[in-house]
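Trainee: Could you take me through the pockets and the cavity of this model, please, and then through whatever else stands out in the backbone and the sheet?

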Amino acid sequence: MPPRVRRTLSLVVPVSCAVLATAGIAAAANGGFTPPSAHSPNAQRINDTYYLIAGFTAAIFLIVEGALVTFIVKYRSRGRDRSLEAAQVHGHTRLELIWTAIPIAIITIIFAFVFYKLPGIADPPRANAADRLHIKIDAHQFYWQFTYPNGAVSIDELHLPVGRVVELTIASEDVAHSWWIPELGGKTDAIPGRVNSTWYQPKSIGTYEGQCAELCGLYHERMLAKAIVTSDADYETWVGTTAQRELGKQEWQGVCAKCHGLAGQGDYGPPLASNSLLTQRAGLEAIVREGRGRMPAVANNWTQAQLHALEAYLKQHVYKGATGGG
Ligand code: CUA
């Protein structure tokens, strides 16, 4: 094999392999290059916009890189003298008009498309009051709290009935967080002193994962969220009875255990399992409502029912008696 051919092959083979590998990753949804498939109309519109822009940028990338490689190969020196100069050209009106008009056309198309899609991303579809559901989201360091129309509360797990229009209002009780379930919609910031809103209309039953998308402190990465979409009947059962039964456990796991360990053994926060404060209503209420030291005021907007649920769960499942020396 002549050396030039071998050199070319040694370059072409690895480059082709790399191109094929990245194309494979890009083609597989969720491979990191493309957004996850949408399960709500607003998320679908965000994805549509993504693919339109990705199409233009991919085409421009291929044209520019293709021209670059073609010119490098076609106009290489071929042993000509280095001091030789190519023909000097000045001005080309038609070419200059084309490279001005095409980018303007591309920008105009993207601009028009985004403004056409935007209302369907921002505004919930019209639906009669019976089909609408309003859920309040409170962001806390480091958990999400959901309050349903009947007053039921859940932590880190948002339950939604399939097909209904769900309006979400999002606020923060401490620092800036950002609510995000990528398969159902875009990010919505949770900002102290301000109420933001978004909406979903979940198209299919399933569990969709998300997490806080704004660095909000030490345990930002543990601020995970799940949207659990079920049938209407399952949702009604859950919100009517199950939520109440699970609240204490969700509060312990979502609010306390992230810092103090699942068994209260101590992690970032001190061990709790043997701390008799867990059984003292007034002391417990004061510390969770107001915080202490590095512990945030995790329960500053809790109802009495929420406090009672936590208290009952602590007594039954976490407190191991004061023998451990805590
Ligand atoms: Cu909350 Cu990051």
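Mentor: Happy to; here is a walk through the open spaces, followed by the sheet, the cysteines and the backbone.

A word on ground rules: this is a predicted model, where local features need pLDDT of at least 70 and side-chain atom pairs count only at pLDDT 80 or more, while totals for chains, interfaces and linings use all residues. Residues are numbered from 1 along each chain as its sequence is written, and side-chain values use heavy atoms, with hydrogens and water left out.

Let me fix the vocabulary for the spaces. Everything is done on a 1 Å grid over the protein atoms alone: a cavity is a set of points where a 1.4 Å probe fits but cannot get out, whereas a pocket is an open set with protein on both sides within 12 Å along at least five of seven lines. A residue belongs to a lining if it has an atom within 4 Å of a point. Grid points are joined across faces, edges and corners, and a volume is the space filled by probe spheres set on the points. Helices (H or I, at least four residues) and strands (E, at least two) are DSSP runs, numbered from the N terminus.

Now the largest pocket, which holds about 600 Å³ of space. Its lining has 29 residues, and the closest to its centre are C259, H260, G269, P270 and M295. Two elements give two or more residues to this lining, α4 (232-260) and α5 (281-290). The largest share comes from α4, with seven residues. For the chemistry, Ala, Val, Leu, Ile, Met, Phe, Trp, Tyr, Cys and Pro count as nonpolar, Asp, Glu, Lys and Arg as charged, and the others, Gly among them, as polar. On that basis the lining of the largest pocket divides into 20 nonpolar, six polar and three charged residues.

The second largest pocket has a volume of about 510 Å³. R4, R7, T8, L11, V12, V15, V19, V69, V73 and R76 line this pocket. Both α1 (3-27) and α2 (41-74) supply at least two residues of the lining, and α1 provides the largest share, seven residues. By class, the lining of the second largest pocket has six nonpolar residues, one polar and three charged.

As for closed space, the structure holds one cavity of 30 Å³ or more, and the largest cavity has about 50 Å³ of space. Around this cavity you will find R281, L284, E285, Q304, L307, H308 and E311. Here α5 and α6 (304-318) each supply at least two lining residues, with α6 giving the most, four residues. The lining of the largest cavity divides into two nonpolar, two polar and three charged residues.

Next, the sheet. Five strands form an open sheet of mixed pairing, in the order β3-β2-β1-β5-β8; two strands pair if DSSP finds at least two bridges between them. Because β3 (153-155) and β8 (196-200) stand at the edges with a single partner strand each, one side of each is left without a neighbour in the sheet. Strand β2 (residues 143-147) pairs with β3 in the antiparallel sense over three bridges, and Q145 of the chain stands opposite I155 in β3.

On the cysteines, the structure holds zero disulfides (a disulfide being a pair of cysteine sulfur atoms within 2.5 Å). For accessibility, buried means under 20% relative accessible area, exposed over 50%, and partly exposed in between, with a 1.4 Å probe and protein chains only. C212 counts as buried because its relative accessibility is 2%, and C216 is buried with a relative accessible area of 6%.

Finally, the backbone. Most residues other than glycine have a negative phi, and most peptide bonds are trans. The peptide bond from Q141 to F142 is cis, with omega near 0°, and F142 lies in the loop between β1 (132-140) and β2. R78, in the loop between α2 and α3 (93-122), has a positive phi near 50°; at 57% relative accessibility, R78 counts as exposed. D156, in the loop between β3 and β4 (157-161), also has a positive phi, near 65°, but D156 is buried, with a relative accessible area of 14%.
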